[in-house]
Amino acid sequence: MKPALLIIFVIVFAAACNNNKQVDRSDPLTSGRGFIEASLKGDYKTAEQYLLKDSTNMQYFQGLKDFNMKLDAETRRGYSDANIIVDSLIAKSDSVDVLYYTNSYKNKPSKIKLVKHNNNWLVDFKYTFSDN
């Protein structure tokens, strides 16, 4: 009986140590807000779960992480404490939406594109850096 309890303990402990919490990607607004909030807080593991995984998106995302790591502590805290202000969510098609927003720290208009992929709404981050 003791070996069975030990195995259960190890499984429960391993599951508790795994910090990959599930994120809700069921609609574009939830996914967009989740990505923005995690990014502002510097929680890149969570933010990455909302990201459409392609080489260009991953390069831009790495650039975002590198840039933010170079910010001073006060600026990082400002972003972390910021609120997301959604201006609009525009449906471009049944599988593409664009979320226009600002944050209360910088108040600079921004946008992200969300695409429906395998029934999940994911951030196509490269759109943020284009004029499309």
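Trainee: What makes the 22 residues a nonpolar core?

Mentor: In this predicted model, the largest nonpolar core has 22 residues, with Phe35, Ile36, Phe61, Ile112, Val123 and Phe125 making the most contacts inside it. A core of this kind takes buried residues of the nonpolar types listed for it, joined through side-chain atoms within 4.5 Å. Its members meet that rule, so the set is called a nonpolar core.

Trainee: Which elements give two or more residues to this core?

Mentor: Helices H2 (28-41), H3 (44-49) and H4 (55-69) do, along with strands E2 (96-103), E3 (110-117) and E4 (120-124). H2 gives the most, with four residues.

Trainee: What is Phe61 in contact with, leaving aside its neighbours within four places in sequence?

Mentor: Phe35, Tyr44, Ala47, Glu48, Leu51 and Phe125. Contact requires heavy atoms within 4.5 Å, so each of these residues has a heavy atom within that distance of one in Phe61.

Trainee: Why is the largest void called a pocket and not a cavity?

Mentor: A cavity is a set of points the probe cannot get out of, whereas a pocket is an open set, so the name pocket says that the set is open. The volume of the largest pocket is about 670 Å³. Of its 26 lining residues, Leu40, Leu64, Asn68, Tyr79 and Tyr101 are the closest to its centre. H2 supplies the largest share of the lining, five residues.

Trainee: How many residues of each class are in the lining of the largest pocket?

Mentor: There are 14 nonpolar, seven polar and five charged residues. Tyr counts as nonpolar, so Tyr79 and Tyr101 belong to the nonpolar class.

Notes: Residues numbered from 1 in each chain as written. Predicted model: local features only at pLDDT ≥ 70, side-chain atom pairs only at ≥ 80, totals over all residues. Heavy atoms only, no water. Buried < 20%, exposed > 50% of the residue type's maximum accessible area, 1.4 Å probe, protein only. 1 Å grid on protein atoms, 1.4 Å probe; cavity = no way out; pocket = protein on both sides within 12 Å on 5 of 7 lines; lining within 4 Å. Points joined across faces, edges and corners; volume = space filled by probe spheres on them.
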